[in-house]
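Colleague: I should like to learn how to read a model of this kind, feature by feature. May we go through it together?

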Amino acid sequence: MLTRKQHELIRFIQVRLEETGVSPSFEEMKEALDLKSKSGVHRLISALEERGFIRRLPNRARALEVLRQPDDVGAKPAPRAANTNSTAAVVRPPEARPAPANDVIEIPLHGRIAAGVPIEAMETAAMLPVPAALLGAGEHYALEVSGDSMIDAGILDGDYALIRRTDSARDGEIVVALVRGEEATLKYLHREHGRVRLDPANAAYEPQIYDPREVVVQGKLAGLLRRYH
């Protein structure tokens, strides 16, 4: 059996997920349950997690997943978020619920992609928060773009290129290519006449042509983040 507060909390989290796709903040949970401090919320969440009712998703901000609901017989209705016109939502099993569109994932930030610096040498402990909607399946990392060789593809100096890690790609895809084990570059990939051609997206630059043994694909472009000053 759950305590009344545990029951109220899991119902509140479920309602918020159904209505907005985002877990409530600790402050919102504290106010909804009329608790005096956030430490009380932490204790309730830990208890629910230990008993298998919810889980915290790693590397994500404000991300809780409801795994199962307690028996609703005789339960006190869950507190509802203020200023909402939504009626009670039908609870779907976790596997059928769409991922929150504005959930955030942290991925490794490997520095600037620049000539003479292989990806391996750029790896750091830095992380970049990225909206989950920008990423698909697979393992991802981010690189800060240096230069204007891909400007006609909408990739500007200072952008963050979001890269899905892979060692293969189709012709015409934008990839991170490690050339001769020492130069990492972001270019269009093409194969022709037994050679590999790396094409820029800027008429001021010439295509680069290599023996296939000189080029290793280390990922392909999955998305972009841009800062505006």
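Modeller: We shall take the overall make-up, then the sheet, then the first helix and an annotated region. Please keep in mind that this is a predicted model.

Colleague: How many helices and strands are there in the chain?

Modeller: The chain holds four helices and eleven strands. Of its 229 residues, 42% count as buried. The chain exposes about 12,800 Å², and carbon and sulfur atoms supply 51% of that area.

Colleague: What share of the contacts with a separation of 6 or more comes from residues 24 or more positions apart?

Modeller: Such residues account for 60% of those contacts in the chain.

Colleague: How should I read the sheet, and in what order do its strands lie?

Modeller: In general, strands of a sheet pair through backbone hydrogen bonds, either parallel or antiparallel. Here, nine strands form an open sheet with mixed pairing, in the order E4-E3-E5-E6-E11-E7-E8-E9-E10. Strand E4 (127-131) and strand E10 (208-210) stand at the edges; each has a single partner strand, so one side of each is left without a neighbour in the sheet. From one strand to the next, the twist averages 45 degrees.

Colleague: Which way do E5 and E6 run, parallel or antiparallel?

Modeller: Strand E5 (residues 140-145) and strand E6 (residues 160-164) run antiparallel and are joined by five bridges. As one example, Tyr141 has Ile163 in E6 as its bridge partner.

Colleague: Turning to helix H1, why does its span agree with what is expected?

Modeller: Helix H1 covers residues 4-20, and at 1.5 Å a residue its 17 residues should span 24 Å; the end C-alpha atoms are 24 Å apart, which agrees. Just after H1, Gly21 takes a positive phi of about 80 degrees.

Colleague: Is H1 enclosed or exposed, and how does one judge that?

Modeller: A residue counts as buried when its relative accessible area is under 20%. Twelve of the 17 residues of H1 are buried, so the helix is largely enclosed by the rest of the structure. Among them are Leu9, Ile10, Phe12, Ile13 and Leu17, together with Glu8 and Arg16. The cover over the buried residues of H1 includes helix H2 (26-32), helix H3 (38-50), strand E1 (54-56) and strand E2 (64-66).

Colleague: Which residues does the UniProt annotation "DNA-binding region" cover?

Modeller: According to the unreviewed UniProt entry, that annotation covers residues 26-46. In the model, this span is 76% helix and 0% strand, and its end C-alpha atoms lie 13 Å apart.

Note on methods. Residues are numbered from 1 along each chain as its sequence is written. This is a predicted model: local features need pLDDT of at least 70, side-chain atom pairs count only at pLDDT 80 or more; totals for chains, interfaces and linings use all residues. Side-chain values use heavy atoms; hydrogens and water are left out. Helices (H or I, at least four residues) and strands (E, at least two) are DSSP runs, numbered from the N terminus. Buried means under 20% relative accessible area, exposed over 50%, partly exposed in between (1.4 Å probe, protein chains only). Contact means heavy atoms within 4.5 Å. Accessible areas come from the Shrake-Rupley method with a 1.4 Å probe; for residues, only the protein chains shown count as cover. Two strands pair if DSSP finds at least two bridges between them. Axes are lines fitted to C-alpha atoms, for helices over the stretch in contact, and angles run from 0 to 180 degrees between N-to-C directions. UniProt positions are given in the numbering used here, feature names are shortened, and annotations may be inferred rather than shown by experiment. The expected span of a helix is 1.5 Å times one less than its number of residues.
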